[in-house]
Amino acid sequence: QVQLVESGGGLVQAGGSLRLSCAASGRTFSSYVMGWFRQAPGKEREFVAAITWSGSSTRYADSVKGRFTISRDNAKNTVYLQMHSLKPEDTADYYCTADPSYYNDNPRYWGQGTQVTVSS
């Protein structure tokens, strides 16, 4: 069992930056692929980024590539999403996820979400 708690969301102006954090419980954190998904009001949930257990591989949605960076600190059981050059269309609830698979679009574990609002 893995429990995930996100933090770091908030209101930011377009062009600004935010860093989301996700604290995970459980001694097997380092064995999971960690990811971020988001869901904007009235839209379907979408994949944002994922990182392998070692941190050696990452993948991103095309919409955030070059602007967002996912990283993890296994010693702290924490995964991060650094977001730069934010756009109003990045406004959404952001969810941290954990799953054994690198390509699962429906991860096994989800956090409760943190809200990001980007004003124009």
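These legends walk through several close-up views of one predicted model.

In this predicted model, local features need pLDDT of at least 70 and side-chain atom pairs count only at pLDDT 80 or more, while totals for chains, interfaces and linings use all residues. Residues are numbered from 1 along each chain as its sequence is written, and side-chain values use heavy atoms, with hydrogens and water left out.

**View 1. The whole chain is built with 11 strands and zero helices.** Helices (H or I, at least four residues) and strands (E, at least two) are DSSP runs, numbered from the N terminus. The C-alpha atoms fill a box of roughly 40 × 25 × 25 Å along the principal axes. The radius of gyration, taken over C-alpha atoms, is compared with a globule rule of 2.2 Å times the number of residues to the power 0.38. For 120 residues, a compact globule would have a value near 14 Å, and the 13 Å of this chain agrees. Buried residues make up 46% of the 120 residues; buried means under 20% relative accessible area, exposed over 50%, and partly exposed in between (1.4 Å probe, protein chains only).

**View 2. Four strands line up in an open, antiparallel sheet.** Their order is β1-β3-β8-β7, and two strands pair if DSSP finds at least two bridges between them. Strands β1 (3–7) and β7 (68–73) stand at the edges with a single partner each, so one side of each has no neighbour in the sheet. In the middle of the picture, look for β3 (residues 18–25) and β8 (residues 78–83), joined by six bridges. Here Leu18 stands opposite Met83 in β8.

**View 3. Strands β7 and β8 form a hairpin.** Four residues lie between the two strands, and Asn77 in the turn has a positive phi of about 50°. Six bridges pair β7 with β8 in the antiparallel sense, with Ser71 opposite Tyr80 in β8. In a regular strand the side chains alternate between the two faces of the sheet. You can follow this along β7: Phe68, Ile70 and Arg72 point to one face and are buried, while Thr69, Ser71 and Asp73 point to the other and are not.

**View 4. A disulfide joins Cys22 to Cys96.** A disulfide is a covalent bond between the sulfur atoms of two cysteines. The search counts a pair of cysteine sulfur atoms within 2.5 Å, and it finds one in the whole structure. The S to S distance is 2.1 Å, and the link is left-handed, with -80° about the S-S bond. Cys22 sits in β3 and Cys96 in β9 (residues 92–99), 74 residues apart. Both ends are buried: Cys22 has 0% relative accessibility, and Cys96 also has 0%.

**View 5. The largest nonpolar core holds 36 residues.** Such a core is a set of buried Ala, Val, Leu, Ile, Met, Phe, Trp, Tyr and Cys residues joined through side-chain atoms within 4.5 Å. Those with the most contacts inside the core include Trp36, Leu81 and Tyr94. Strand β5 (46–51) gives the largest share, five residues. Contact means heavy atoms within 4.5 Å; leaving aside neighbours within four places in sequence, Leu81 is in contact with residues including Leu20, Trp36, Val48, Phe68 and Tyr94.

**View 6. Gly8 lies in the loop between β1 and β2 (10–13).** At 33% relative accessibility, Gly8 counts as partly exposed. Not counting residues up to four places away in sequence, Gly8 touches Leu18, Arg19, Leu20 and Thr114.
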